Structure formats: structure tokens, C-alpha cells
Amino acid sequence: MHLIQDILSFTRHRFHSRRWDYFHSPYLFQLLTYCCDDSNQLAGFEEIEAVRSALSASQEMIGLQDYGAGHQGKIYRKEISISSIARRSLSTPFQGRFMARLARFHNPQTIVEFGTSLGISAAYLATGSPESEFITIEGDPIVGAKAISVFKTLGIKNIELINETFETTIRSRIQLIDRIDLLFLDGNHQKEALLSYYHTLKKHCHEDTIIIVDDIYWSADMTSAWMEIIREKEITQSVDCFQFGLLFFSPHFLAKENHRIRLPLKAFIRN
């Protein structure tokens with residue numbers, strides 16, 4: 001049933017969306033054109049994909065400690081292979097390249113990611129903006145250690161990984177940050193959690209902040225949360241890319257709009 005719902009959601013989105021280069025806003029046109037241009041290959045992309053391939057092939061078993069969707073704040077442990085984590089949780093190669101180019105285009109001073117997993121998304125973001133202060137949060141200590149090894153393998157030095165629950169980090173480390181320029185929310189896939197994180201973190205955002213919300217069609221619950229967020233008065237533009245969404249706070253747009261864009265089909269290929 002979940003697969004059928006995914007197919008229906010994807011089909012509806014393709015029918016109601018427009019090409020990513022239709023924007024009348026010069027800023028959004030330039031940003032999306034740059035981010036979707038796959039001829040623009042930044043240094044490090046091939047190395048990241050080589051690491052992804054190794055993770056996807058790894059049969060190493062770990063005891064997963066999951067704070068995410070479905071566990072109501074409880075710690076859930078089970079034996080799972082690294083390859084299984086890679087297949088189910090890593091952003092697609094196109095999305096990774098998209099986010100790297102977004103970071104390059106936006107040039108953020110501070111990046112915050114909620115949900116490190118094995119570190120591939122963080123690696124892409126850091127590749128796009130290697131001089132940024134970058135904080136990523138992962139609740140599972142073993143998965144976090146794997147991500148740190150990924151960063152070391154790739155020679156990435158500007159990422160600080162915090163091994164805590166999202167709630168603990170929000171109460172501690174995040175309170176020390178005045179401004180978040182680029183925020184990637186990819187962790188707890190429950191409506192109440194996503195809304196809570198957004199409303200708590202938006203005080204650290206400013207008019208030039210961009211928020212990436214992952215998996216906005218992961219469930220009806222997540223889609224409902226996304227629809228509530230884009231109605232917030234401080235959100236001046238939103239871009240629904242199906243796999244993920246972008247939120248903007250800039251007051252310089254002529255009118256509030258909520259866009260649905262149709263990414264290339266290769267955006268959905270995981271390997």
C-alpha cells in the first residue's frame with residue numbers, strides 16, 4: 001500500500017508541477033538553474049559517490065539506535081547492515097549535487113543539519129561550502145562514528161558532528177548560534193516533531209536563510225506538516241521538489257508563492 005501511495009503522490013506531483021526553469025523571479029530562476037545544472041560538477045563529487053558505493057555494498061552489521069519516526073521518543077535498537085542504512089536513508093546523488101550547488105550559490109556562513117546518517121548529505125553540503133561553520137546532529141553514536149570516518153576519508157574538516165538527540169542539541173548547542181544561514185531538516189519524520197523543530201529553529205533564521213526539508217512526501221503526516229509550514233506568514237516563497245522542499249524568508253519577493261517544480265527523472269535514481 002505504501003508503494004501505491006508513493007506512486008500516486010509522485011504522479012500527482014508530476015502532473016501539477018512545472019519545469020524547474022519556469023520561475024519569473026530572477027533570483028529563483030538563477031538559483032534553480034544553477035542547482036539543477038548537472039554539467040556543473042564540483043570537485044569532490046566523484047569521491048563522495050565512491051564512498052556511497054562502498055557504504056551501499058557494506059554488509060557490516062551494527063546495532064542501530066533510532067530516535068526517528070515511529071518510536072515516540074523511545075530508543076529502538078536492532079541489527080542492521082550499513083548497506084541497508086545507505087539504501088533507505090541517503091539522499092540520491094542528484095539531490096546531493098543539487099544541495100552542494102545550493103550551498104555554493106548561497107555561500108552560507110553557518111550550516112546546520114538535523115539527521116547526519118552516514119554523512120553523505122553533509123559531505124555534499126560541505127563540498128559546496130568548505131569554509132562554512134557546519135554543525136550536523138546524529139542521535140546514534142555508531143552511525144555518527146561511521147559518518148566521521150566518511151568525513152575523514154573525504155578530507156572534510158569543517159564539519160562538527162554532535163552525537164545527541166535533536167531536542168538536546170536544540171536546548172544546548174543551537175542556542176549558542178545567532179544566525180543559521182542554511183538549515184537541512186532530515187531526521188524525525190513525524191509531523192509534530194518537524195513542526196516543533198521548525199518553530200523552535202526559525203528564531204535563528206533571518207531573511208536570507210534557506211531551509212531544506214527532506215522527504216516531504218514520505219508520508220501523509222510529513223506532507224501535512226510541509227503544508228502547514230508553507231502557510232506560515234514568515235515564509236515568503238516555497239519550492240516543492242517532491243523529494244525535498246525549499247523555504248525562503250526574503251521580503252524582497254513581489255508576492256508569496258508556493259511552487260511545485262518538476263526535477264529531471266534522474267533526480268530519483270538512488271545509485
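Start by selecting Cys35 and Cys36 in this predicted model, and show their sulfur atoms. The sulfur of Cys35 has its closest cysteine sulfur in Cys36, 6.6 Å away. Why is there no bond here? A disulfide needs the two sulfur atoms within 2.5 Å, so 6.6 Å is too far. While you're there, turn on the surface: Cys35 is buried, with a relative accessible area of 0%.

Next, hop over to Cys205. Which cysteine sulfur is nearest to the one in Cys205? That would be the sulfur of Cys241, 18 Å away, and Cys205 is in no disulfide. Cys205 also counts as buried, at 14% relative accessibility. Want to hunt for a disulfide somewhere else? You can skip that, since a search of the whole structure finds zero of them.

Now for some backbone angles. Most residues other than glycine have a negative phi. Keep that in mind for the next two stops.

Select Ser117. You'll find Ser117 in the loop that runs between β4 (110-114) and α6 (120-128). Check its phi: the angle is near 55 degrees, a positive value, and this residue is not a glycine. Is Ser117 buried or exposed? Ser117 is buried, with a relative accessible area of 14%.

Last stop: Asp215. Look in the loop between β8 (210-214) and α10 (220-230). Asp215 is another residue other than glycine with a positive phi, near 55 degrees. Colour by accessibility and Asp215 comes out as partly exposed, at 22%. The cut-off for buried is under 20%, so Asp215, at 22%, doesn't make it into that group.

How values were computed: Residues numbered from 1 in each chain as written. Predicted model: local features only at pLDDT ≥ 70, side-chain atom pairs only at ≥ 80, totals over all residues. Heavy atoms only, no water. Helix = DSSP H or I, 4+ residues; strand = E, 2+ residues; numbered from the N terminus. Buried < 20%, exposed > 50% of the residue type's maximum accessible area, 1.4 Å probe, protein only.
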